Amino acid sequence: MESLVPGPVAAVLDFMVTIFVLMVGIGFAAVVVIFIIDITQHRDAIRRNYPVVGRFRTLFTNLGEFFRQYFFAMDREEMPFNRAERQWATRAAAGGDNTVAFGSTKNLSLAGTLYFVNCPFPTLDTDRAETEPMVIGPTCRKPYAAPSFFNISGMSYGALSKPAIQALSRGAAMAGCWLNTGEGGLSPFHLEGDCDIVFQIGTAKYGVRDGDGNLSDERLAALGTDNRIKMFEIKLSQGAKPGKGGILPGIKVSEEIAAIRGIPAGQDSISPNRHPDIGTIGELLDRIAHIRAVTGKPVGIKCVIGAYGWLDAMFDEVKQRGEDSAPDFITVDSGDGGTGAAPLPLMDNVGLPIRESLPTVDNIRKRHGMKQRVRLIASGKLITPSAVAGALCAGADFVVAARGFMFALGC
Ligand SMILES: Cc1cc2nc3c(=O)[nH]c(=O)nc-3n(C[C@H](O)[C@H](O)[C@H](O)COP(=O)(O)O)c2cc1C
C-alpha cells in the first residue's frame with residue numbers, strides 16, 4: 001500500500017523515532033549502570049538500600065537549601081538572616097525604595113520583641129541637630145574622631161574577593177565610615193577608596209609579623225605612619241569560633257596573599273587559638289600599650305563574651321596602672337557571628353549572643369567608671385535600623401556589620 005506521508009517527512013519521522021529509541025536505550029543503560037554501582041558500593045547506606053532513587057535524596061537536600069527561600073520559607077522564618085532582613089539590606093544598598101506594604105510580617109507577640117517608645121511630637125527635619133564625631137583613644141598621640149556610628153566589620157581579603165574589598169573600600173569612603181581589614185592583613189584593595197581603615201591583628205599577626213611569626217615593630221611602625229589607618233584591633237576571639245584558630249591551606253597561599261600576610265607562598269599557615277604572647281590580663285595590657293606606643297593610634301580588642309569575670313580583673317588592673325593603659329575600645333561580637341568557615345557547635349553553642357553580652361559589658365564598664373574612656377563596639381546580626389538603634393540603646397557607642405555588607409555586595 002502506498003504511504004500517505006510524503007517521502008521527506010517520513011524520513012524525518014523515522015530519524016526522530018530512531019533518536020527517541022536511542023535515548024531511551026541510553027537512559028535505561030545508565031539506570032542499570034547506576035543501579036549496579038549503588039548496590040555494590042559500601043560507603044552510602046541510602047544508595048545501597050535504595051539504588052538509583054536514593055540519589056534524589058542528596059540532590060533534593062542540596063537544592064532545598066537554595067529553593068526554599070523562594071518558594072517555601074515565610075518572610076521571617078530563615079536563619080541566620082530572614083528574607084525581610086536580606087531584602088532590606090539589598091534595597092538599601094541599591095538606594096531604592098525601602099518601604100513595604102500591608103503591615104508588619106513580624107510576630108510582635110513573641111517574648112523578647114524590641115519596642116521603641118515613640119513621642120507624641122517628633123522632631124522636625126529642620127530642628128535636627130548635627131552630631132559630633134565620637135573620639136576613640138583620647139590619650140593617644142593620634143586619637144580617632146570617628147565620623148560614623150555604623151561601620152564595616154572585619155572580613156579578610158581572601159575570605160572576600162578583590163572586587164568585594166574594592167567595593168567596600170569605595171563604599172566606606174562614600175559613606176564616611178571605617179572598614180576593618182579582618183585578620184588577613186592590609187591589601188592594596190582596602191586602600192583603593194581612600195576610606196578610614198581599622199587594622200586587625202589576628203593570632204597569626206598577618207601583615208604585621210616578622211619571619212618567625214612574631215609581632216614586628218618595624219612593620220607596626222610603618223603601618224602607624226599611614227594616615228588612612230586610624231586604629232588597631234587585637235582579635236582575641238570572634239563569635240563564630242571562640243577559642244579556635246585555623247589553617248590556611250598552602251593551595252590558597254598565592255604569591256599575592258603571601259606578600260600581604262607576610263608568610264611563605266604555597267605553604268600551610270596556622271592561626272593559633274590565641275595570641276601566643278597574650279596569655280594573661282597583664283600581657284594583654286602590655287601588648288595594647290606597646291602597639292599604641294609604636295603606632296601612636298588607638299588600640300582595642302575584639303572578643304566574644306562567655307565568662308566575663310576577666311573584664312572586672314582587666315578594669316581593676318587598668319585602675320592600678322592608670323586609665324591610659326585601658327584598651328581604647330572593646331568590640332563585642334555575638335556568639336552566633338559569621339565567618340568564612342567554622343565548626344557548627346562553636347557557632348551554635350559557645351559564647352553569649354549580643355543581646356546578653358552587650359548590656360553586661362556596658363554595665364561592667366560603667367561600674368568601673370570607664371564609659372567615657374573605653375568605647376564599646378557591637379556586632380552580630382545588627383543590619384536593620386531597629387537592630388542598630390537597639391544596640392545603641394543597650395550600651396554600644398558604635399555598631400559594625402559584616403554579613404549585611406555581603407548582602408549589599410550582592411552575596
Ligand atoms: C566572610 C567573613 C569573614 C570574616 N572574617 C573575620 C576576620 O577576619 N576577623 C574577625 O574578627 N571577624 C571576621 N568575621 C566576623 C565578622 O567581623 C563579624 O564579627 C561577625 O560576622 C558578626 O557580624 P555580622 O552578624 O554583621 O556578620 C568574618 C565574617 C565573615 C562573614
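Which of the 23 residues around the ligand come nearest? I looked this up before anything else: they are S153, G154, K381, A402 and R403. Around the ligand means having a heavy atom within 4 Å of it.

A note to myself on the source: this is a predicted model, where local features need pLDDT of at least 70 and side-chain atom pairs count only at pLDDT 80 or more, while totals for chains, interfaces and linings use all residues. Residues are numbered from 1 along each chain as its sequence is written, and side-chain values use heavy atoms, with hydrogens and water left out.

**Ligand site**

I then checked polar atoms facing the ligand. A backbone N or O atom of K381 sits 2.6 Å from a ligand oxygen. For A402, a polar backbone atom is 2.8 Å from an oxygen atom of the ligand. R403 uses its side chain: a polar atom there lies 2.7 Å from a ligand oxygen. The ligand alone exposes 610 Å², and the protein buries 97% of that (Shrake-Rupley method, 1.4 Å probe).

I sorted the shell by class, too, and found five nonpolar, twelve polar and six charged residues. Gly counts as polar here, and Asp, Glu, Lys and Arg count as charged.

**Whole protein**

Next I looked at the overall fold. I found 13 helices and twelve strands (DSSP runs, H or I of at least four residues for helices, E of at least two for strands). The radius of gyration is 28 Å, well over the 22 Å that the globule rule gives for 411 residues, so the protein is more spread out than a compact globule. That radius is taken over C-alpha atoms, and the rule is 2.2 Å times the number of residues to the power 0.38. The C-alpha trace spans about 110 × 65 × 40 Å along its principal axes.

Notes. Polar contact = N/O pair within 3.5 Å; in protein donor to acceptor, adjacent residues only side chain to side chain.
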